[in-house]
Amino acid sequence: MITFITGNKHKVIEAENIFKDYDINLEHIDLGYCEPQGTLEEVAISGAKYASRKLNKPVIVEDAGLFIKALKGFPGTYSSYVQETLGNQGILKLLDGVNDRYAEFRSVIGYCAPNSEPKIFLGKVIGEIAVEEKGDLGFAFDPIFYVPAEGKTFGELTTEEKNQFSHRKNSLEKFIKWYSIQ
Ligand code: ITT
């Protein structure tokens with residue numbers, strides 16, 4: 001049994017859908033721990049270590065972010081704060097008239113068991129910031145994250161479709177591959 005520590009129910013739905021193809025049981029707990037400011041990797045390492053010690057269980061945590069090239073990687077590690085303050089409309093305004101719309105979603109999974117040190121797994125997906133919000137599936141930045149190969153935003157994809165190639169799918173799959181041979 002692995003415990004996914006997160007306060008984000010959308011992440012839980014996506015992770016459950018990814019784990020169901022494997023023989024690993026997943027439960028989820030919202031521990032409400034305080035994230036330090038730092039890189040995605042630093043946040044995932046410290047969160048996983050803290051939660052595994054606190055619960056005395058093997059855990060995963062995830063720190064994710066949207067990195068926009070024309071904004072030099074912003075909002076990146078500030079993604080939660082920016083989503084709550086500027087929101088998608090604010091991001092679209094910052095990119096008004098900007099031609100280079102390249103963006104990446106990154107997900108870092110931190111895994112830690114009670115008596116060991118944390119390990120991290122990075123997943124990415126590349127795309128573009130759309131010119132307007134599209135779709136009401138998904139959450140947060142999904143309606144503005146356009147995937148050229150699909151001709152759709154994440155907001156227009158079902159969980160199953162997003163889970164074929166998302167940043168979260170890529171990080172969780174790396175984790176699952178490693179975990180399965182432990
Ligand atoms: P935790 O409790 O797991 O930390 P969180 O929602 O705070 O949940 P993150 O810090 O990892 O998650 O994510 C940073 C921001 O990016 C936050 O506003 C998320 O809603 C958003 N985000 C993360 N993954 C996303 C995805 O797949 N699609 C759209 N937005 C996403």
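**A ligand and its surroundings**

Let's start with the ligand: the space it takes up is the largest pocket. Keep in mind as you look around that this is a predicted model.

Who lines up around the ligand? A shell of 19 residues surrounds it, and the closest are Thr 6, Lys 11, Ala 64, Asp 142 and Lys 162. Sort that shell by chemistry and you get 5 nonpolar, 7 polar and 7 charged residues. Some parts of the fold chip in with at least two shell residues each: strand S3 (59-68), helix H3 (79-85) and helix H6 (167-180).

Now zoom in on a few side chains. Lys 162, one of the closest residues, has a side-chain N or O atom 2.7 Å from an oxygen atom of the ligand. For His 167, the distance from a side-chain N or O atom to a ligand oxygen is 3.1 Å, and for Asp 63 that kind of distance is 3.3 Å. How much of the ligand does the protein cover? On its own the ligand has 600 Å² of accessible area, and the protein covers 88% of that.

Next, step over to some strands. S4 (residues 102-112) and S5 (residues 119-129) run antiparallel to each other and pair over 10 bridges. Together they make a hairpin, with 6 residues between the two strands. To find your way along this pairing, look for Tyr 102, which stands opposite Glu 128 in S5.

S5 has another partner to look at, too. Strand S6 (residues 145-147) pairs with S5, again in the antiparallel sense, over 2 bridges. Here you can spot Ile 129, whose bridge partner in S6 is Phe 145.

Note on methods
Residues numbered from 1 in each chain as written. Predicted model: local features only at pLDDT ≥ 70, side-chain atom pairs only at ≥ 80, totals over all residues. Heavy atoms only, no water. Near = heavy atom within 4 Å. Polar contact = N/O pair within 3.5 Å; in protein donor to acceptor, adjacent residues only side chain to side chain. Areas by Shrake-Rupley, 256 points an atom, 1.4 Å probe, with all protein chains shown as cover. 1 Å grid on protein atoms, 1.4 Å probe; cavity = no way out; pocket = protein on both sides within 12 Å on 5 of 7 lines; lining within 4 Å. Sits in = over half its atoms within 2 Å of the grid points. Helix = DSSP H or I, 4+ residues; strand = E, 2+ residues; numbered from the N terminus. Nonpolar A, V, L, I, M, F, W, Y, C, P; charged D, E, K, R; others polar. Pairing = 2+ DSSP bridges.
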